[in-house]
Each structure stands twice: as C-alpha cells, then as structure tokens.
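Work through the exercises below with the sequence and the coordinates side by side, and try each task before reading its solution.

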Amino acid sequence: MFGRRRIEYKTDAQLRTMARAGVVTSRALDAAVAAAAPGVSTADLDAVFREVLAEHGATSNFLGYYDYPATICASPNEIVVHGIPGPRALGEADIISIDGGAIVEGWHGDSARTVLMPRAGSEDRELSEITREAMWHGIAAAASAQRVGEIGAAIEDFVRAESGGTYGIIEDYVGHGIGSAMHMAPDVPNYRTREAGPRIKPGMALAIEPMLVTGSTQTEVLEDDWTVVTLDGSHSSQWEHSVAFHRDGIWVLTAEDGGAEELARRGVRVAPIPQ
C-alpha cells in the first residue's frame, strides 16, 4: 500500500505558498458549491470554478492531468470520483461531489466537497455528513499521529461506529501526498491497514479524502477511462482537505481558517505556518 516512493518535505515558505493555493481552491469550491442547483449542468460548475482560478491568477492542476479535460471532477449520485463535467444537469434529489485544485507559483492545493440538492433523501444527507465527519476525524488524528496509517484507522473507526456498517469505505481510491505535484507519496488510506505507514514529519503535506457509498464498494471505470461508478448504482460522497505538518503543529491548507473551528470541536489546536 505505502510503497517506497520518496516523500517530499517542504520548507515553511513552500508550505505558506501551498496555503495560498489552498485558499484559492477553497474559494473556487465556494463558488461552485453556491452555483450547484437543479437544472445546472456539471459543465456550468466547471466554468464557475475555472473563473475563480483565473481571478486569482492561479491555474488548474486537474486540467490536462493525463489529458483530463476539465478543472473539476463533478461526480453525481452513482459516480464515486473523476466524473468529467458535461451536459448532465443536476436533478432535484441529486447528491454531487465536486473535487478541484489550484496551482500557485508551482505549489498545489486539492479539496473536495459534497453538495445535496433540495430533495436529496435522508440516506444521502447522512452519507455526506458521515463522510465529512470522517474526514475531520482523520485530520484530527493526524495532528498527533506518529504514522500515516493512523489516519485511515481513525477514519474507519469513526465510520464503523457511526454507521454500524451501513456505509462502505471505498478502498480502491485513497488520499495522497501533495506539494510540487498534485499526487505524490505517500498514499493515505481511508481504512485500517496492516502497515503503519511512513512516519509523519514536519514538511509533509497530505490530502485526506474519504469516499463512502450507500451500497457495495465494488466499482468500475467507464469507457472514458476516468469516470468511476458503483457497480450497484448506489450513491457516493467524497470530502477532502489538504493538510500541512510543520514544527509547530498542523494547518489545513484548503480551509481559510486553517481548520481552526472544526478541529477545536475535536480538541485539536491548529498552528499557523511559521513565518
């Protein structure tokens, strides 16, 4: 799972630039989430996200990545991840995950949120909330973790305790290191593994992104070689933040307050990246 790929350790200055990319990512997601409504197409959401990047002088780390054709992944209902924006319009009862990122001066941000349409069912609402909470539990665990594997263990423990096995954790797609590239070592599983994983050290940055489904965790990739769907048509949710580790603590790069409000509820204090 974790392999032996080289991990990139950033300086404080580099992490601060990543925080700028993270804020741009957050604001672009704010705009896309606000635009998500019944009748709006996933291509429309991509255009909104793209416009915010341009306003901030940032570029997309999704567009052109292995020829990916858009600035976001827009994944409604049965699409777990990597949904390509297009003419598909959101329905009154849809659930959709929006995943996007930004590059500022060569450094990357990456984040995802799930959005619920007005008539989304109670199961989808609970699915999104548990996925979101699972992400924050993983981030809170990361603040004091010695090894990367502790993050996935915390996520799985929370999901199992809260849902009693109702929701499945996707294991085929995991979180990742981030920095001078969008996807880097190490992998960050969203579930408990036999391996403890690499030691967490200052200078690391990790994207923590649990993906949960209401049914079977079996997936397939469609003919476009990107879109991942559940085999049984069950719905999915994805939440993601990029997190920096430095000598004083942690800082959530893709949250404007560094994750202070959410993590305070879990007894964790964030620390601004040193100047």
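**Exercise 1.** Which residue in β14 is the bridge partner of F245?

Solution. The model is a predicted one, and the pairing of the strands is the place to begin. Strand β13, residues 241-246, is joined to strand β14, residues 249-252, by 4 bridges, and the two run antiparallel. A hairpin of 2 residues makes the connection between β13 and β14. Within this pairing, F245 has I250 as its bridge partner in β14.

**Exercise 2.** Determine which residue stands opposite H241 when β13 is paired with β8.

Solution. Begin with the strands: β8, residues 205-208, is antiparallel to β13, and 4 bridges join them. Then look for H241 in β13, and the residue found opposite is I208.

**Exercise 3.** Decide whether the residues of β13 are buried or exposed, taking each face in turn.

Solution. On one side lie H241, V243 and F245, on the other S242, A244 and H246, and all of these are buried. Because buried means under 20% relative accessible area, both faces of β13 count as covered, in keeping with 6 of 6 residues being buried along the strand.

**Exercise 4.** Place F245 and I208 in the largest nonpolar core, and find which element gives the largest share of that core.

Solution. The core has 44 residues, and F245 and I208 are among those with the most contacts inside it, as are I139 and L263. Elements that each supply at least two of its residues include α1, α4, β8, β13 and β14, while the largest share, 8 residues, comes from α3. Another core, of 21 residues, lies apart from it and includes A21 and F49.

Terms used
Residues are numbered from 1 along each chain as its sequence is written. This is a predicted model: local features need pLDDT of at least 70, side-chain atom pairs count only at pLDDT 80 or more; totals for chains, interfaces and linings use all residues. Side-chain values use heavy atoms; hydrogens and water are left out. Buried means under 20% relative accessible area, exposed over 50%, partly exposed in between (1.4 Å probe, protein chains only). Two strands pair if DSSP finds at least two bridges between them. A nonpolar core is a set of buried Ala, Val, Leu, Ile, Met, Phe, Trp, Tyr and Cys residues joined through side-chain atoms within 4.5 Å.
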